[in-house]
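Student: I am new to this structure and would be grateful for a close look at one part of it. Please begin with a small detail of strand pairing and then set that part in its surroundings.

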Amino acid sequence: MKDISKQDIVTLVKLQEAETEIVRLQAVLGKVEKEKTKIALRLKQFEKALYQNREDLARVQIACRDSESEIQIIDDRIIKSNENLRMVKTNKEYQVLLREVDDNKKRKDILETELLEFMDEKEKSESIVSASEKEYALLAEQISHQQAEMGKKCVDDKEALEEYLAQQEDIGESLDSTLMEKFRKISKMNQGLAVTGVDNAVCMGCFMNIPPQLFIEVQRGSSLISCPQCSRILYHVNTD
Ligand SMILES: [Zn+2]
């Protein structure tokens, strides 16, 4: 058992107080960061959906254009066939050209029906895109506002964290380096609780009874005592 002074124990308790705050603040700030990432992801997902809607619109726009230009080509063919009709000499030629005109007209009908469907689709697609653009802008604004608010709330916590870290550094200068190392090691193993009081022979870290002989040592406060159960550094809490 390492001999320590009462002052060492006071210092360790202070170190623990700062550590408890540091662990708490880090958890709070970590949670905020996670939340920020989560809402940023939501916007990203929305953006993906918007891109998809824009792609759908572009596809139907191309289909409309293709359909229109094919109709144009067929119109030209019909005009040309009609011109040729006036110059034919035989009945057979006449029949062939007539069938050509007829076939082209049928094809044109099909294309025009298709075009109407495409135009209808395009109109729907345009309104979907415009609605999702508006929604996206709204959501983006909401999210940036939310994140700014979160950032503002974190300012105080970040400042406090810096203070506690500086405080620990100061304390560390007055504490024996092996004690400091031990503190760090135990804190790491116990989610930030390395130094804990003993109340009525009960370790307040793990709530187990400590042996009477050890309790006497803790009350004496002249040596470094660790809880046999949880390894935390123990100090005596005066309850009277
Ligand atoms: Zn314990």
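Which residue in β2 is the bridge partner of D199?

Tutor: The bridge partner of D199 in β2 is V202. Please keep in mind throughout that this is a predicted model.

The pairing of D199 with V202 belongs to a small arrangement of strands. Strand β2 covers residues 202-203, and 2 bridges join this strand to β1, the two running antiparallel. Between the strands of this hairpin lie 2 residues, and N200 there adopts a positive phi near 50°. Strand β1 also pairs with β3, in this case in the parallel sense and over 4 bridges. Within that pairing, V198 has H236 of β3 as its bridge partner.

The loops on either side of the hairpin deserve a look as well. In the loop between α3 and β1 one finds Q191, a residue other than glycine whose phi is nevertheless positive, near 50°. Q191 counts as exposed because 9 other C-beta atoms lie within 10 Å, and the cut-off for an exposed residue is 12 or fewer. A comparable description holds for F207, which is placed in the loop between β2 and α4 (212-220). The phi of F207 is positive, near 60°, and F207 is not a glycine. With 11 C-beta neighbours inside 10 Å, F207 is likewise exposed.

From the strands we may turn to the nonpolar residues around them. The largest nonpolar core holds 18 residues, and V195, V198, I233, L234 and Y235 are, together with L12, those with the most contacts inside it. Two or more residues of this core come from each of α1, α3, β1 and β3. L12 shows how these parts meet: beyond its neighbours within four places in sequence, L12 is in contact with L179, F183, V195 and I233.

Helix α1 itself consists of 80 residues, and the distance from its first C-alpha to its last is 118 Å, close to the 118 Å expected at 1.5 Å a residue. Its buried residues are D8, I9, T11, L12, L15, Q16, E19, L25 and V60. The elements covering them include α2 (91-174), α3 (177-189), β1 (195-199) and β3 (233-236). One of these buried residues, E19, lies in α1, which spans residues 6-85. E19 counts as buried because 22 C-beta neighbours are found inside 10 Å, where the cut-off is 20 or more. Apart from neighbours within four places in sequence, the contacts of E19 are Q168, S187, G192 and A194.

The whole protein completes the picture. There are 4 helices and 3 strands, and from the N terminus the elements follow the order α-α-α-β-β-α-β. The C-alpha trace spans about 130 × 35 × 30 Å along its principal axes. The radius of gyration is 40 Å, whereas a compact globule of 240 residues would have one near 18 Å. Of the 240 residues, 13% count as buried. Among contacts between residues at least 6 apart in sequence, 72% join residues at least 24 apart. Finally, the domain assignment gives domain 1 (23-174) and domain 2 (176-240), and the C-alpha centres of these two domains are 62 Å apart.

Key
Residues are numbered from 1 along each chain as its sequence is written. This is a predicted model: local features need pLDDT of at least 70, side-chain atom pairs count only at pLDDT 80 or more; totals for chains, interfaces and linings use all residues. Domain bounds come from an automatic or database domain assignment. Two residues are in contact if their C-beta atoms, placed from the backbone, lie within 7 Å. The expected span of a helix is 1.5 Å times one less than its number of residues. The radius of gyration is taken over C-alpha atoms; the globule rule is 2.2 Å times the number of residues to the power 0.38. A nonpolar core is a set of buried Ala, Val, Leu, Ile, Met, Phe, Trp, Tyr and Cys residues joined through C-beta atoms within 7 Å. Two strands pair if DSSP finds at least two bridges between them.
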